[in-house]
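Please look over the sequence and the model below before reading on. The paragraphs that follow go through helix packing, loops, backbone features and cysteines in turn.

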Amino acid sequence: MEPLLISRTGPATDDLAAALEAKLAPVAPTVSTPDLDWNWSDDLDAWASDLHSQIDTDRVAVCTWKAGSAPRPLAERTPDDWVLDVEAELATWVLAIGAAARSCTSGGSVVVVVERPSPLDADGRTAELTVAEGLVAFTRSAALVHGERNVRVNVVTTALFTAPDDLLGLAPPLPSFPGTVKHEVAGAVRSLWSEDACGISGTVVRADGGRSW
């Protein structure tokens, strides 16, 4: 079966799809205008239903990366910013993870790739951290629910796009930090997809060269 990658389009996504030899299912269009009344939720639900119908494989990756941005203090974010950067992001990816886990065939594996800044790199990254922690928690719940169908669900966290140019504190153990999509990230996903990981579910693998450690 051909694996499936659910992600936004872009160069990093192209690299990951090529490295995983996966078919790409682009994410729903990014919400362009914050809407505190959640008027866009029907569009997200329709996209999730369509996504569910596309999945017929035993290997699915859900990559939640956004394009890189500069750190931004929480005090500078408006309520509308928070809806767009956190609540809309969480809603989109929770639906995507749910569709992936429900549709993955028995004995299969879903891997969620999440940008999760390490504590040393988290200044000005409240939105990214909130989304990451929410998705990690949801993925653990999905692993519990879908384990009954013999579907494994795990997380790979990366430091891509959030790592500062000048590292704070000690350098990570591996000189390859922050790693590349084609090697470190794709390698972690393939490892969790493999039969060798048949007993691993609800686990977080940090593919950040040891920076979190």
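Helices and strands are named here as DSSP runs, numbered from the N terminus, with at least four residues for a helix and at least two for a strand. The model is a predicted one. With those names, alanine 197 can be placed in the loop between helix H5 (181-193) and strand S6 (204-206).

Is alanine 197 buried or exposed? Its relative accessible area is 4%, and a residue counts as buried under 20%, so alanine 197 is buried. Setting aside neighbours within four places in sequence, the residues in contact with alanine 197 are Arg152, Ser191 and Leu192. Of these, Ser191 and Leu192 carry numbers that fall within H5 (181-193). Arginine 152 is 45 residues from alanine 197 in sequence, yet the two C-alpha atoms are 9.2 Å apart in space.

H5 also packs against a helix from the start of the numbering, H1. The angle between H1 and H5 is about 50 degrees, and their axes are 9 Å apart. That angle makes H1 oblique to H5. The crossing of H1 and H5 is right-handed. On the H1 side the contact is made by Ala12, Asp15, Leu16, Ala19 and Leu20. On the H5 side it is made by Val181, Lys182, Val185, Ala186, Val189, Arg190 and Trp193. Sorted by class, the contact of H1 with H5 has nine nonpolar residues, three charged residues and no polar ones.

A second helix pair is formed by H3 (residues 79-103) and H4 (residues 126-146). How do H3 and H4 lie, and at what angle do they pack? They pack at about 20 degrees, with axes 10 Å apart. Angles under 35 degrees count as roughly parallel, and H3 and H4 are therefore roughly parallel to each other. Their crossing is right-handed. H3 contributes Trp82, Asp85, Val86, Glu89, Leu90, Trp93, Val94, Ile97, Gly98, Ala101 and Arg102 to the contact. H4 meets them with Thr126, Ala127, Thr130, Val131, Gly134, Leu135, Phe138, Thr139 and His146. By class, the contact of H3 with H4 has 11 nonpolar, six polar and three charged residues.

The loop between strand S4 (109-115) and H4 holds arginine 116. Arginine 125 is found in the loop between S4 and H4 as well. Arginine 116 counts as buried because its relative accessibility is 17%. Beyond its neighbours within four places in sequence, arginine 116 is in contact with Ala132, Glu133, Val136, Thr157, Thr158 and Val204. Arginine 206 is 90 residues from arginine 116 in sequence, and the C-alpha atoms of the two are 8.9 Å apart.

Arginine 125 has a relative accessibility of 4%, so it too counts as buried. With neighbours within four places in sequence left out, arginine 125 is in contact with Ser69, Ala70, Pro71, Pro117, Phe161 and Thr162. Threonine 64 is 61 residues from arginine 125 along the chain, and their C-alpha atoms are separated by 15 Å.

Three loops have backbone features to point out. In the loop between strand S5 (152-158) and H5 is proline 178, which is joined to phenylalanine 177 by a cis peptide bond with omega about 0 degrees. Glutamate 21 sits in the loop between helix H1 (11-20) and strand S2 (23-26). Its phi is near 55 degrees, a positive value in a residue other than glycine. Glutamate 21 is exposed because its relative accessible area is 66%. Asparagine 150, in the loop between H4 and S5, also has a positive phi, near 65 degrees, and is likewise a residue other than glycine.

That leaves the cysteines. How many disulfides does the structure hold? It holds zero. Cysteine 104 is in no disulfide, and the nearest cysteine sulfur, that of cysteine 198, is 15 Å away. Cysteine 198 is likewise in no disulfide, its nearest cysteine sulfur being that of cysteine 104. A disulfide needs the two sulfur atoms within 2.5 Å. Cysteine 104 counts as buried because its relative accessibility is 0%, whereas cysteine 198, at 55%, counts as exposed.

Key: Residues numbered from 1 in each chain as written. Predicted model: local features only at pLDDT ≥ 70, side-chain atom pairs only at ≥ 80, totals over all residues. Heavy atoms only, no water. Buried < 20%, exposed > 50% of the residue type's maximum accessible area, 1.4 Å probe, protein only. Axes fitted to C-alpha atoms, helices over the stretch in contact; angles between N-to-C directions. Parallel < 35°, antiparallel > 145°, perpendicular 65-115°, else oblique. Left-handed = near helix turned anticlockwise from the far one by under 90°. Contact = heavy atoms within 4.5 Å. Nonpolar A, V, L, I, M, F, W, Y, C, P; charged D, E, K, R; others polar.
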